[in-house]
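Colleague: Got a minute to go through this one with me? I'd like to start in the middle of the chain and work outwards.

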Amino acid sequence: MTDFEAPTGPDSDRHEFPVIGEPLPLELLNTAHTWEGEVEESLTTPAALRDWCGAAVGSIDLAVTAADLAAVLRLRGAIAHVVAAARAGHGVDVEAIDVVNDDLVLAPPARRLDRLGGGLVTVAGPAPTSIAQVRGAVAAATVELVSGAVADRLRECANPPCGMVFLAGHGRRRYCTAWCSNHDRQRRFRERHPRSVE
Ligand SMILES: [Zn+2]
């Protein structure tokens, strides 16, 4: 496992990868975010991918092969291109779009029909039960994320060393986590008061 610590911070003690409650495509991108310019790769083994699926997708103890890991990393690379294009408002490689669309057909149903009292309701579909379905769910969420209204709220953390990406729920959010917000505030304080610490 990796020795990832920041920016999950001292309050997050269990995960070797960051899971910060963002839409699935961004959670997947953040498994290889940068910190101080170095890529922090979390999905180094099939077991790491299995654990990530439990933490980020809610699919526990999936069987994961090396081929599954390669397919997820391929999707992650395509999502990086697509999200970067959505943020910058420029064109994107058609190959990246093809990868997302190829995985889209693997998605489990997002909703299903159920009974409530004497009536009918739609409820959330089941959690993915295979890595193929995880790829489908992530691809489907990518389509939602980059097509339209929310694309201008896709951001990179404002804490200089941190390269985590997130979807700002409101226009003012600048940091991936409270940990990064505090880290950056302390850095700026030290810059203003260079002799007040150590
Ligand atoms: Zn951050």
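Modeller: Sure. This is a predicted model. Let's start with α4: the cover over its buried residues includes α3 (66–88) and α5 (131–146).

Colleague: Which residues of α4 are buried?

Modeller: Val-99, Val-100 and Asp-103, in a helix that covers residues 94–104. They sit on the same side of α4, because they cover an arc of only 95° around the axis.

Colleague: And what does the face turned away from the buried side carry?

Modeller: Exposed residues, Val-94 and Asp-98.

Colleague: Back to α3. Which of its residues are buried?

Modeller: Asp-68, Ala-71, Val-72, Leu-75, Ala-78, Ile-79, Val-82 and Val-83.

Colleague: What do they pack against?

Modeller: Helices α1 (24–29), α2, α4 and α5, plus strands β5 (154–156) and β6 (165–167).

Colleague: How far apart are the end C-alpha atoms of α3, and what span should its 23 residues have?

Modeller: The end C-alpha atoms are 33 Å apart. At 1.5 Å a residue, the 23 residues should span 33 Å, so the two agree.

Colleague: What comes just after α3?

Modeller: Gly-89, with a positive phi of about 70°.

Colleague: Which residues other than glycine have a positive phi?

Modeller: Glu-36 and Asp-61 are among them. Glu-36 has a phi of about 50°, and Asp-61 has one near 55°. Most residues other than glycine have a negative phi.

Colleague: Where is Glu-36, and is it buried or exposed?

Modeller: Glu-36 lies in the loop between β1 (34–35) and β2 (38–39). It counts as exposed because it has 10 C-beta neighbours inside 10 Å, and the cut-off for exposed is 12 or fewer.

Colleague: Same two questions for Asp-61: where, and buried or exposed?

Modeller: Asp-61 is in the loop between α2 (46–57) and α3. It is exposed, with 9 other C-beta atoms within 10 Å.

Colleague: New topic. How do β3 and β4 pair?

Modeller: In the antiparallel sense, over six bridges. One of the bridge partners to look at is Thr-122 in β4, which is matched with Leu-113.

Colleague: What lies between the two strands?

Modeller: Two residues, so to speak the turn of a hairpin. Gly-117 in that turn has a positive phi of about 60°.

Colleague: How many residues of β3 and β4 are buried?

Modeller: Zero of the six in β3 (111–116). Zero of the six in β4 (119–124) as well. Both strands are hardly covered.

Colleague: What about Ala-110, where is it found?

Modeller: In the loop between α4 and β3. Ala-110 is partly exposed, because 13 other C-beta atoms lie within 10 Å.

Colleague: What does Ala-110 touch?

Modeller: Gly-125 and Ala-140, leaving out residues up to four places away in sequence. Ala-110 and Ala-140 are 30 residues apart along the chain, and their C-alpha atoms are separated by 9.0 Å.

Colleague: Zooming out, how many helices and strands are in the protein chain?

Modeller: Six helices and six strands. From the N terminus on, the order is α-β-β-α-α-α-β-β-α-β-β-α.

Colleague: What share of the chain counts as buried?

Modeller: 33% of the 198 residues.

Colleague: And among contacts between residues at least 6 apart, what share join residues at least 24 apart?

Modeller: 57% in this chain.

Colleague: Last thing, confidence. What is the mean pLDDT?

Modeller: The mean pLDDT of the protein chain is 88. Of its residues, 89% reach 70 or more.

Colleague: Where does pLDDT stay under 50?

Modeller: Over residues 1–15. The model has 25 contacts beyond four places in sequence for that stretch.

Colleague: How should I read the coordinates where pLDDT is low?

Modeller: Not in detail.

Terms used
Residues are numbered from 1 along each chain as its sequence is written. This is a predicted model: local features need pLDDT of at least 70, side-chain atom pairs count only at pLDDT 80 or more; totals for chains, interfaces and linings use all residues. A residue is buried if 20 or more other C-beta atoms lie within 10 Å of its own, exposed if 12 or fewer, and partly exposed in between; C-beta atoms are placed from the backbone. Helices (H or I, at least four residues) and strands (E, at least two) are DSSP runs, numbered from the N terminus. The arc is that of the directions from the helix axis to the C-beta atoms. Two residues are in contact if their C-beta atoms, placed from the backbone, lie within 7 Å. Two strands pair if DSSP finds at least two bridges between them. pLDDT is the predictor's confidence in each residue, from 0 to 100. The expected span of a helix is 1.5 Å times one less than its number of residues.
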